[in-house]
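Biologist: Shall we walk through this one together? I will ask, and you can reason aloud.

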Amino acid sequence: MQRCGRTVLNTLSTLGEVLLLLGRSIPGPRSLWRERTRIVEQMIIVGSETLPIASLVAFFIGMVLVVQTADQLVNYSQEVLGSIVGLSMTKELGPVLIAFLVAGRVGSSITAQIGSMAVYDELNALRTMDIDPERYLVTPRIIAMALSLPVLILYADAVGILGGCLAVQLDPAIDISLALFWDNLVSEIAMQDIVVGLVKGVVFGVTIAAVSCAFGLRTRGGTAGVASSTTQSVVWSFVLVIVFDFIIVRMAVLLP
Amino acid sequence: MKRTPGKGVDVKVDNVIHEYGDLRVLDGVNMDIAAGETLCVLGGSGTGKSVLVRLMAGLEVPTSGEIQIGGMLVPEYAALPPDEKPFLVSMVFQHSALLGSLTVEENITLRMREHRTHSEKDMHSICEQVLDEVEMGGSNNKLPGELSGGMKKRVALARALAVNPDLLFYDEPTAELDPVLTEQIGLLIARVRRDRPITQVVVTHDMVIADIVADRVAMLGDGRIAEEGSYREFLASPDPGTRSFLEAARVLTSRDQADNKDKTGKDG
């Protein structure tokens with residue numbers, strides 16, 4: 001019972017820490033302009049670390065989705081294949097897939113980098129230079145992630161759908177033509193579906209960045225501490241991404 | 001651009017107690033450091049030397065007691081906006097604490113760049129000047145990863161000096177260095193003492209450094225200042241704790257020197 005209570009308290013304390021860090025790190029327009037160079041640098045890092053693996057994974061997810069769904073629809077009509085693949089990619093798979101990839105590759109690297117800086121007194125060095133580590137390190141990463149993830153999600157949607165198109169074209173088990181697949185996909189995807197995916201991207205990006213930075217900043221205890229913080233930040237990012245995914249989906253369902 | 005040299009500020013530590021949970025690391029430390037003085041804080045591992053210097057630099061808050069620098073309480077000083085600070089404090093850290101993604105010049109000019117206090121031309125000129133001062137001229141574009149441990153310490157000192165501090169803290173500036181590099185860093189700190197009228201607080205367990213740089217030494221033991229005085233007075237101290245530290249330090253120093261002679265012999 002005591003352990004359970006301690007776990008709940010630790011969870012709430014970590015959530016509070018992340019929220020407070022987020023609150024302190026959201027910049028005004030002036031400091032946003034001032035941080036523009038570092039924001040662009042971070043966006044390049046997010047893109048370069050994620051794009052190759054995102055391309056590969058999204059492409060194969062698109063193909064798998066087509067093959068699996070076609071198999072399920074074999075006794076019905078495969079004409080709805082386009083809409084199922086398109087909506088799955090834009091509303092759910094694209095955003096969550098990219099969020100997990102970014103949390104695993106970029107988020108973990110952010111925690112490890114800031115954690116090492118904490119362990120080796122680089123954060124304290126910034127403080128003695130009257131430079132706020134949160135403004136210097138956290139703000140650019142949060143903004144960069146919030147801007148990059150929607151773009152990466154759009155890209156993953158496109159690549160996934162491309163993979164689906166290829167599967168439709170090549171898989172002999174699929175009875176419909178590529179044109180029919182495409183027409184069904186385009187006619188069923190509304191702008192609102194894409195926007196919901198992009199909103200998820202912004203929320204996931206901010207979440208992953210805030211969690212990764214918070215765990216980096218709280219790192220203590222040498223390299224073992226860095227390793228522990230990195231693992232925890234990835235786990236927390238995954239869990240929060242899924243929780244926020246549910247909340248956004250639930251809210252989107254209520255939209256007219 | 002002509003830089004105004006730092007003028008030195010006094011430091012007053014008043015009955016400082018610091019605890020981590022149940023562990024009391026500092027137990028009523030009192031200390032006065034005059035403006036322009038170089039004080040070496042000596043003591044064995046785990047005696048709270050680094051904690052004391054971190055408290056003075058405002059990186060941690062004491063459990064109780066007060067620390068004043070230049071007549072201001074440390075939290076008051078820390079809360080001032082950078083452009084309203086009446087004097088500047090710098091620190092050289094044990095692991096150098098250079099930012100790995102920035103070049104030597106970017107590290108040295110970071111404070112000026114972030115606070116936009118100098119033009120690019122002035123920052124470059126200051127960087128050249130302080131790099132020459134620490135005998136690291138020409139290394140502007142190197143990354144910290146390309147430097148040896150001794151070079152990193154020199155660049156860290158250059159970064160601290162670049163802003164013309166009035167108060168400069170060193171936390172184990174010669175940790176992980178061999179005796180030759182230790183002496184070189186000691187000579188650089190001594191040169192800073194000679195050329196700049198600033199206050200320096202050097203936390204170390206290294207008697208060589210204390211001998212080279214200190215106007216005065218203070219021995220930390222059992223969470224308190226056990227002994228204060230000149231280096232010579234310190235060597236002659238009858239205090240059992242100090243004697244035991246000196247004995248251990250002498251053994252280590254002579255062993256280091258012997259090792260170094262062996263290495264030189266082999267290399268030669």
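## Helices, sheets and one tryptophan

Modeller: Let me start with helix α7 of chain B, residues 179–195, which lies across β3, β7 and β8 of chain B in this predicted model. Its direction is at about 160° to β8(B).

Biologist: Thanks! In what order do the 6 strands of that open sheet in chain B stand?

Modeller: The pairing in this sheet is mixed. β6 (89–92) and β10 (224–229) of chain B are the edge strands, each pairing on one side only. From one strand to the next, the twist averages 20°. Reading across the open sheet of chain B, the order is β6-β7-β8-β3-β9-β10.

Biologist: Which residue of β7(B) stands opposite B:S90?

Modeller: β6(B) pairs with β7(B), residues 167–171, in the parallel sense. There are 4 bridges between these two strands. The residue that stands opposite B:S90 is B:L168.

Biologist: Why can we say that strand β9 of chain B is largely enclosed by the rest of the structure?

Modeller: A residue counts as buried when its relative accessible area is under 20%. Strand β9(B) covers residues 216–221, and it is largely enclosed because the buried ones among its 6 residues number 5.

Biologist: β9(B) and β10(B) form a hairpin, so to speak of its turn: what is the phi of B:D222?

Modeller: β9(B) and β10(B) pair in the antiparallel sense over 5 bridges, with B:A218 opposite B:E228. The hairpin has 2 residues between its strands. B:D222 lies in the turn, and its phi is positive, at about 55°.

Biologist: And which residue of β9(B) stands opposite B:L42?

Modeller: Here we turn to the pairing of β9(B) with β3(B), which is parallel and has 4 bridges. Opposite B:L42 stands B:M219.

Biologist: On to the sheet of 4 strands in chain B: which strands stand at its edges?

Modeller: This open sheet has the order β2-β1-β4-β5, with antiparallel pairing. An edge strand has a single partner, so one side of it is left without a neighbour in the sheet. In chain B that describes β2 (23–33) and β5 (72–73).

Biologist: What is the bridge partner of B:V11 in β4(B)?

Modeller: Strand β1(B), residues 11–20, runs antiparallel to β4(B), residues 64–69, and 5 bridges join them. Helix α1 of chain B, residues 49–56, lies across β1, β2 and β4, at about 60° to β2(B). The bridge partner of B:V11 is B:I69.

Biologist: Stepping back to the whole of chain B, what is its radius of gyration?

Modeller: Chain B has 10 helices and 10 strands. For its 268 residues the globule rule gives 18 Å, and the value for the chain is close to that, so chain B is as compact as a globular protein of that length. The radius of gyration is 19 Å.

Biologist: What share of the residues of chain B count as buried?

Modeller: The accessible surface of the chain comes to about 12200 Å², and carbon and sulfur atoms account for 50% of it. Of the 268 residues, the buried share is 51%.

Biologist: Last one, in chain A: is A:W182 buried, partly exposed or exposed?

Modeller: A:W182 lies in helix α7 of chain A, residues 178–188. Leaving aside neighbours within four places in sequence, A:W182 is in contact with A:I161 and A:C165. Its relative accessibility is 42%, and partly exposed covers the range between 20% and 50%, so A:W182 counts as partly exposed.

How values were computed:
Residues numbered from 1 in each chain as written. Chains lettered and ligands numbered in written order. Predicted model: local features only at pLDDT ≥ 70, side-chain atom pairs only at ≥ 80, totals over all residues. Heavy atoms only, no water. Pairing = 2+ DSSP bridges. Axes fitted to C-alpha atoms, helices over the stretch in contact; angles between N-to-C directions. Contact = heavy atoms within 4.5 Å. Buried < 20%, exposed > 50% of the residue type's maximum accessible area, 1.4 Å probe, protein only. Rg over C-alpha atoms; globule rule 2.2 N^0.38 Å. Areas by Shrake-Rupley, 256 points an atom, 1.4 Å probe, with all protein chains shown as cover.
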